[in-house]
Amino acid sequence: MKDLVSIRDVEKRWATSIFKLADELDSKPAPRKLAGKVLSTLFFEPSTRTRLSFHTAAARLGISLLDIESVGDSSIVKGESLVDTIKIVDGYADCIVIRHPLEGSARLAADLAQHPVINAGDGGNQHPTQTLIDLYTMNRLKKKISGLHVSLVGDLKYARTMHSLLYGLAMFGAEITLVSPKELQMEKAILEEVKEKFGTKVRISNEMNFRDCDVLYVCRIQKERFADPYEAVRLQQEFRITLESLKGAKDDLIILHPLPKVDEIAPEVDRSEKVRYFEQARYGVPVRMAILSDVMG
Ligand code: NCD
């Protein structure tokens with residue numbers, strides 16, 4: 001695999017090999033075969049987990065980092081274009097990880113760069129490495145993905161994590177229910193795509209009922225992508241996971257979230273043993289180590 005821009009670039013066989021390698025890298029010290037290589041992380045949007053886990057993954061593999069600490073410290077404030085920035089960084093680094101608010105920006109970078117480009121989120125479009133972490137976590141905790149009943153809850157319109165994950169789950173044969181306010185439903189084209197490619201029939205619901213659910217995957221309302229921030233706050237309050245909404249759920253239900261969470265999960269839910277999102281965030285390191293090993297190896 002050269003670039004990882006969209007989950008559509010990923011084949012099930014490749015993803016499965018990444019999960020296997022992540023298991024190995026999580027259980028013993030990593031080989032330092034990539035020592036001397038340079039990874040550039042270009043983040044034009046805020047990030048905690050993605051940036052830091054890429055940094056940790058690189059450090060554990062012996063890869064050196066080239067990071068613009070903040071866009072304000074770079075020539076971008078002088079008006080340098082994204083195109084020029086990519087061309088320059090491509091001349092320095094062996095791989096580029098990019099997060100940018102513009103949909104399609106990672107594809108543009110991949111087309112421009114000679115070296116591999118990994119999409120760490122392009123606007124509301126795609127976040128393929130997060131999806132590999134999500135699928136890895138489900139597979140590790142539930143020992144399978146095929147046949148699992150997964151409910152995706154929250155902002156299905158603007159969240160790139162949800163767009164990538166729906167495709168990944170369909171590829172692995174999960175049963176999927178989408179739960180969101182009417183205003184934040186998943187775009188029809190994505191549903192048609194997974195039906196055509198994988199024969200997946202996705203259930204749509206607006207009820208917070210998780211009785212036959214094995215995995216509850218929640219994301220925050222993507223306030224920064226709303227034209228009206230007050231609308232975001234209103235919708236947030238309608239779709240909130242509380243201990244009450246988990247009544248009747250299976251004992252072995254797991255709750256995942258790409259994080260950050262804001263107010264879509266009540267704080268008392270954090271104490272539930274169903275919550276596995278902090279563990280999921282930790283798996284970001286071995287999964288990203290496996291991705292870097294494959295792409296940069
Ligand atoms: C997500 C993102 O940036 O899309 N965060 C992450 O990478 N773990 C989720 C979000 O911001 O809601």
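Visitor: What radius of gyration does the protein chain have, set against that of a compact globule with 297 residues?
Guide: In this predicted model, the C-alpha trace of the protein chain spans about 55 × 45 × 40 Å along its principal axes. A compact globule with 297 residues would have a radius of gyration near 19 Å, and the value for the protein chain agrees with that, being 19 Å.

Visitor: How many helices and strands does the secondary structure of the protein chain come to?
Guide: The elements are counted as DSSP runs, with at least four residues for a helix and at least two for a strand. On that basis the secondary structure of the protein chain comes to 10 helices and 9 strands.

Visitor: Where does the largest pocket lie with respect to domain 1 and domain 2?
Guide: The largest pocket has a volume of about 380 Å³, and of the 21 residues that line it, the closest to its centre are Arg99, Arg160, Arg220, Leu259 and Pro260. Domain 1 (7–126 + 283–296) and domain 2 (128–281) both give residues to this lining, so the largest pocket lies between them.

Visitor: How many residues of the lining of the largest pocket are charged?
Guide: The lining of the largest pocket divides by class into 6 nonpolar and 8 polar residues, and the remaining class, charged, has 7.

Visitor: Which element gives the largest share of the lining of the second largest pocket?
Guide: The second largest pocket has a volume of about 190 Å³, and of the 14 residues that line it, the closest to its centre are Ile68, Thr85, Ile88, Val89 and Tyr92. The elements that give two or more residues to this lining are strand S1 (38–43), strand S2 (64–67) and helix H3 (82–92). The largest share, 4 residues, comes from H3.

Visitor: How many nonpolar residues does the lining of the second largest pocket have?
Guide: When the lining of the second largest pocket is sorted by class, 5 residues are polar and 2 are charged, while the nonpolar ones number 7.

Visitor: Which residue in S2 is the bridge partner of Leu39?
Guide: S1 and S2 pair in the parallel sense, and the pairing extends over 4 bridges. Within S2, the bridge partner of Leu39 is Leu65.

Visitor: What unit do S1, H2 and S2 make?
Guide: S1 and S2 are parallel partners, and helix H2 (49–61) also gives two or more residues to the lining of the largest pocket. Together, S1, H2 and S2 make a right-handed β-α-β unit.

Conventions. Residues numbered from 1 in each chain as written. Predicted model: local features only at pLDDT ≥ 70, side-chain atom pairs only at ≥ 80, totals over all residues. Heavy atoms only, no water. 1 Å grid on protein atoms, 1.4 Å probe; cavity = no way out; pocket = protein on both sides within 12 Å on 5 of 7 lines; lining within 4 Å. Points joined across faces, edges and corners; volume = space filled by probe spheres on them. Nonpolar A, V, L, I, M, F, W, Y, C, P; charged D, E, K, R; others polar. Domains from an automatic or database assignment. Pairing = 2+ DSSP bridges. Right-handed = clockwise from strand over helix to strand, strands pointing away. Rg over C-alpha atoms; globule rule 2.2 N^0.38 Å.
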